[in-house]
Amino acid sequence: MPDSGDMRDVESTPRQESKVRVIALQPADDAEPQEIVQGFLEALTSDDLGYETARKYLTGDAAKEWDPGESTTVLAEAPTPYTQVTGERPDADKSRYELSGLNVARVDGQHAYRPTSGEYRKTVHLTRVKDTKQWRIDRLPPGVVLGRSDFERNYKSVNKYYFTSAAQSGEPGTVADPVYVRSQVDPVTQVVRDLLKGPTSWLNPVARTSFPSGTALKKGTRALTPDDQNRLVVPLNKKADRVSDSRCREMAAQLLFTLQDYMPTGVDEVELQGSTGAQLCVLLEGEADISAAHGFGKSAAYEYFIDGDHKLVRLSERDPVTTPTAVPGALGEGEKQLRSAAVSRDEDRAAGVSADGRDLYVAPLTAGGTLADPALRSAGATAKDRLTTPSWDGRGDLWVADRDPKNPRLLVLADGMGEPLEVRTPNLDGRIEAVRVAADGVRVALILESEGKRALYIGRIERDADAESTTVSIVELRSVTPDPEDVTAMSWAGDSQLVVVGREPGRVQQMRYVRVDGSPTPGSGPSALTGVEEIAASEDESQPLVAHSADGIVRLSPGAQWQTVVKEGSAPVYPG
């Protein structure tokens, strides 16, 4: 440190965030088996379009048979090769290496992510090529294997969009289907190809695409890139030649929604062309919402919570004074004390659970009128064994779980009224402690408690209706949080993202974002907050988080710090 002289301003250049590109090296002449294996593994992390350099480490037959698109195995660290020479002579012409590591995830052939665990052990076999006497790999594990840091650098999550059951407005709604694409290898073309292939297998039973079966990019199509007017032309094969104009516009809307999710600026215009190059249709960004209710229920006018007098109140983000006011109608008048509530996505109705957790009331958010009899009553012996916070889906149906140990049930009330229908929950491992239905109405987030631990699961909602009855089921539940984490609260926070409050053994409580496929989200989570008991977020990611913490009801606007709204209050919710 200097100890004399005057002080002067020093200009500094802000650090620029730049993407690191990895250029794969070809195998060196006379490379030893270990160098071949290590060079191949490094080539898998490169930006080669078709893994051309990685294939040069393989024999001719192995290069033809190897399909890198079959799967991507993600390990905690880059795979470690251990040698196992198969010959006894020093000049043996065969060698074997075992790759090892700890499994983190697997991305399948549809590019869908799934967390995994346990040890990874696979064998790579090498041989000397007769003609060149060079070592090459002749047998190898399927797909691609790489470490987590290389995966996060090379791949990006993108939501493909498909159509699902009608929203309250009667329009088809959209549902997000997250997949991973290589972010620096012709990503727009990859995204479009993935969209055309249809929904991933998990979502397929409840989603549809407007692209005719077999639709693909026209043969010979080069890299797709928006032009200088931010317009994208997508040439399709013969399968799309005879679509109607309305169906074509739905196809274009799917493309616009998907590309808006992938690209920061989205695409302003999409033109679809048939196999002859003739224009099928053109759709502008502002017209896409006419074809489908994309993100229906997002434009919440208010945030809601239960105040210190156990009444339902609301808060407008546009109110600079941030003064909560009672909602119009019986639930805001204090006729019944409440402990939790849910507001319909159109903000016309609300459902409230009584302070003791026994009764569920549904009432319009309009002045006047009296509170009707409970729509549902739990027989649980204690408050914690009764009703959970309810949740409205995009169809206008109301969901709630009854935690009565003698008769635990997940129930749905069609249009928020009538006889509660018990939802079938095969293979459910644990008691439902919280339920939140996504705006699309086909995915549900559940906190399940088993053996004193709470974990977060995502399930698919399937409905089967005939002339006599309707059956609703939750199927293919999958965990989206690490096994050791004890989840205490959660809320949907985007089309395919949730905000989760939890605690790992020996660690302080933390709040973070997770995707519905269990993959990590880039960047840090919300700023720290102590004693969080409940959390609420909007599917519109520009709206603030609202939490019930040790400081009362607090909220976090984008780019700001947590601010206290009121000292007394609980159960914050957005519509939904």
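**Exercise 1. A pair of strands**

Which residue in β30 is the bridge partner of Leu498, given that the coordinates come from a predicted model?

*Solution.* The bridge partner of Leu498 in β30 is Val514. The next step is to place this pair in its surroundings: strand β29 covers residues 497-503 and strand β30 covers residues 510-515, and the two pair in the antiparallel sense over six bridges. Strands of a sheet pair through backbone hydrogen bonds, either parallel or antiparallel. Finally, look at the turn of this hairpin, where six residues stand between β29 and β30, and where Gly506 takes a positive phi near 80 degrees.

**Exercise 2. A loop residue**

Is Val480 buried or exposed, and which residues beyond its neighbours in sequence is Val480 in contact with?

*Solution.* Begin with the position of Val480, which is found in the loop between β27 (470-479) and β28 (486-492). Its relative accessibility is 5%, and since the limit for a buried residue is under 20%, Val480 counts as buried. The contacts come next: leaving aside neighbours within four places in sequence, Val480 touches Leu456, Ile458, Val514, Arg515, Val516, Asp517 and Gly518. Among these is Val514, the residue that was matched with Leu498 in the previous exercise. As a last step, take Gly518, which is 38 residues from Val480 in sequence, although the C-alpha atoms of the two are 4.1 Å apart in space.

**Exercise 3. A sheet and the helix across it**

In what order do the three strands of the open sheet with β10, β11 and β12 stand, and at about what angle to β12 does helix α6 run?

*Solution.* The order is β10-β11-β12, and the pairing in this open sheet is mixed. Its edge strands are β10 (231-235) and β12 (279-284), each of which pairs on one side only, and from one strand to the next the twist averages 15 degrees. For the pairing of β11 (residues 269-273) with β12, the two run antiparallel and are joined by five bridges; in this pairing, Glu269 stands opposite Leu284. The helix can now be added to the picture, with α6 (residues 245-262) lying across β10, β11 and β12 and running at about 50 degrees to β12.

**Exercise 4. The nonpolar cores**

Which four residues touch the most other members of the largest nonpolar core?

*Solution.* They are Leu236, Leu272, Leu456 and Leu498, in a core that counts 55 residues. Helix α6 gives the largest share of this core, namely nine residues. Taking Leu236 as an example, and not counting residues up to four places away in sequence, one finds that the residues it touches include Leu196, Phe211, Met251 and Leu272. Another core, of 34 residues, lies apart from this one, and among its members are Phe40, Leu58, Ala105 and Val145.

**Exercise 5. A covered helix**

How many of the ten residues of helix α5 are buried?

*Solution.* Nine of them are buried, and helix α5 (residues 187-196) is therefore mostly covered, buried meaning under 20% relative accessible area. The buried residues include Pro187, Val191, Leu195 and Leu196. Just after the helix, Gly198 takes a positive phi of about 100 degrees.

**Exercise 6. Salt bridges**

In which strands do Arg121 and Glu98 lie, and are Lys160 and Asp177 buried or exposed?

*Solution.* The side chains of Arg121 and Glu98 meet in a salt bridge with an N to O distance of 2.8 Å. Arg121 lies in strand β5 (residues 119-128) and Glu98 in strand β3 (residues 94-107), so the bridge ties together parts that are 23 residues apart in sequence. Arg121 itself is partly exposed, with a relative accessible area of 45%. The second salt bridge, between Lys160 and Asp177, has an N to O distance of 3.8 Å, and it links strand β8 (residues 155-166) with strand β9 (residues 172-182), the two residues being 17 residues apart. Here Lys160 is buried at 2%, and Asp177 is likewise buried at 3%.

**Exercise 7. How far to trust the model**

Over which residues does pLDDT stay under 50?

*Solution.* Start from the whole chain, whose mean pLDDT is 89, with 91% of its residues reaching 70 or more. The stretch under 50 is residues 7-18, for which the model has zero contacts beyond four places in sequence. Where pLDDT is low, the predicted coordinates should not be read in detail.

Conventions: Residues numbered from 1 in each chain as written. Heavy atoms only, no water. Salt bridge = Lys/Arg side-chain N within 4 Å of Asp/Glu carboxyl O. Helix = DSSP H or I, 4+ residues; strand = E, 2+ residues; numbered from the N terminus. Buried < 20%, exposed > 50% of the residue type's maximum accessible area, 1.4 Å probe, protein only. pLDDT = per-residue confidence, 0-100. Contact = heavy atoms within 4.5 Å. Pairing = 2+ DSSP bridges. Axes fitted to C-alpha atoms, helices over the stretch in contact; angles between N-to-C directions. Core = buried A, V, L, I, M, F, W, Y, C linked by side-chain atoms within 4.5 Å.
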